[in-house]
Amino acid sequence: MAKKQVAIDKLINGKQRVEKYDYLITKNEPLSFATESFQKIVIDLDYTNLDNDHKVLQFTSTLPSEGKSTFVSNIAYLLSQKNKKVILLDLDLRKPKINRAFSVPNKNGITDYISSKITLEEAIKTSEDLGIDFMVAGENTSLVTNVLESNKMKELIDSLRERYDYVLLDTPPVMAVSDAIVVSRYTDGIIFIIAQGKAKKKLVKESIQTLKRYDVNILGIVFNQVKMGQAGYGYMNDYSYYQDKND
Ligand SMILES: Nc1ncnc2c1ncn2[C@@H]1O[C@H](COP(=O)(O)OP(=O)(O)OP(=O)(O)O)[C@@H](O)[C@H]1O
Ligand SMILES: [Mg+2]
């Protein structure tokens with residue numbers, strides 16, 4: 001069996017995590033159960049955005065490695081398949097990963113644009129293969145909070161809001177750093193990802209309470225990496241989505 005296939009098998013069966021970001025299950029396995037789950041979520045997101053007021057969406061979780069970057073990359077792909085104009089931003093400036101989903105170096109990105117080293121057009125990249133635009137994190141900086149809190153960042157998000165149907169923001173976990181809270185002031189809502197068996201319930205509750213304390217609009221919660229056959233849960237790679245009906 002070809003080496004690539006082995007890696008994918010391990011990923012899907014969840015037996016062993018393999019860092020494989022350029023493998024979009026929604027693109028490579030369009031008929032899979034996981035893709036079906038994603039499609040349900042995309043329908044919900046589109047429905048929530050009927051009035052075009054839920055288009056800047058942030059993705060976060062309680063702890064690292066709960067599947068945020070993998071999840072948002074697949075959502076971006078499916079939205080573009082619905083002919084939506086989508087841009088994906090890697091706002092995890094401390095641990096950037098989105099560039100891997102597009103197999104490009106983490107160069108000429110958001111931090112380079114905010115520090116006026118490059119123009120916006122130079123910072124926005126296009127994946128013809130996936131039909132979406134994206135911005136990688138860019139040069140490593142020790143002034144992450146300054147970058148995220150800058151007026152130029154706010155203006156950037158506002159200008160992208162005018163140009164795209166969806167602006168998707170991949171951000172660090174809530175419990176690691178304050179970045180997710182800082183970014184939340186620019187967004188219409190958060191999709192909160194919970195990987196089964198990762199963060200203790202108490203910690204998940206704490207991070208959701210932290211978001212609520214800052215009046216963050218939690219649009220929905222996604223249960224990710226759900227183990228196969230668990231009562232009430234779907235198959236591995238099944239994403240269950242719970243929308244905040246109050247929204
Ligand atoms: N549904 C899933 N089933 C199996 N493995 C998954 C799933 N989602 C993500 N993974 C794997 O889990 C690991 C972490 O995924 P990912 O980088 O997307 O998480 P993250 O929340 O963005 O992490 P970080 O906090 O470091 O940014 C990767 O190896 C990825 O392939
Ligand atoms: Mg990530």
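In this predicted model, Leu 57 stands opposite Gly 189 in strand β6, and this pair belongs to a ladder in which 5 bridges join β1 to β6, the two strands running parallel. Strand β1, which spans residues 56–61, also pairs with strand β5 (residues 166–170), again in the parallel sense, here over 4 bridges. Within that second pairing, Gln 58 of β1 stands opposite Leu 169 in β5.

With partners in both β5 and β6, β1 is also mostly covered, as 6 of its 6 residues are buried. The cover extends to both faces of the strand, with Val 56, Gln 58 and Thr 60 buried on one side, and Leu 57, Phe 59 and Ser 61 buried on the other. Leu 57, the residue that stands opposite Gly 189, and Gln 58, the residue that stands opposite Leu 169, therefore both count as buried, each having under 20% relative accessible area.

From β6 the description can move to a pocket. The second largest pocket holds about 200 Å³ of space. It is lined by 13 residues, of which Ile 194, Ala 199, Lys 201, Val 204 and Phe 223 are the closest to its centre. Two elements, β6 (189–195) and α11, give two or more residues to this lining, and α11 gives the most, with 4 residues. By class, the lining is made up of 7 nonpolar, 2 polar and 4 charged residues.

Helix α11 covers residues 201–213, and Ile 208 has its place there. Ile 208 counts as buried because its relative accessibility is 17%, and the cut-off for that class is under 20%. Once its neighbours within four places in sequence are left aside, Ile 208 is in contact with Phe 192, Ile 218 and Ile 221. Of these partners, Phe 192 lies 16 residues away from Ile 208 along the chain, and the C-alpha atoms of the two residues are separated by 8.5 Å.

The chain as a whole gives the setting for these details. It contains 11 helices and 8 strands, and 52% of its 247 residues count as buried. Among contacts in the chain with a separation of 6 or more, 72% are accounted for by residues 24 or more positions apart. The accessible surface of the chain comes to about 12,100 Å², and carbon and sulfur atoms hold 50% of that area.

Key:
Residues are numbered from 1 along each chain as its sequence is written. Chains are lettered from A and ligands numbered from 1 in the order in which they are written. This is a predicted model: local features need pLDDT of at least 70, side-chain atom pairs count only at pLDDT 80 or more; totals for chains, interfaces and linings use all residues. Side-chain values use heavy atoms; hydrogens and water are left out. Buried means under 20% relative accessible area, exposed over 50%, partly exposed in between (1.4 Å probe, protein chains only). Contact means heavy atoms within 4.5 Å. On a 1 Å grid over the protein atoms alone, a cavity is a set of points where a 1.4 Å probe fits but cannot get out, and a pocket is an open set with protein on both sides within 12 Å along at least five of seven lines; lining residues have an atom within 4 Å of a point. Grid points are joined across faces, edges and corners, and a volume is the space filled by probe spheres set on the points. Ala, Val, Leu, Ile, Met, Phe, Trp, Tyr, Cys and Pro count as nonpolar, Asp, Glu, Lys and Arg as charged, and the others, Gly among them, as polar. Accessible areas come from the Shrake-Rupley method with a 1.4 Å probe; for residues, only the protein chains shown count as cover. Two strands pair if DSSP finds at least two bridges between them.
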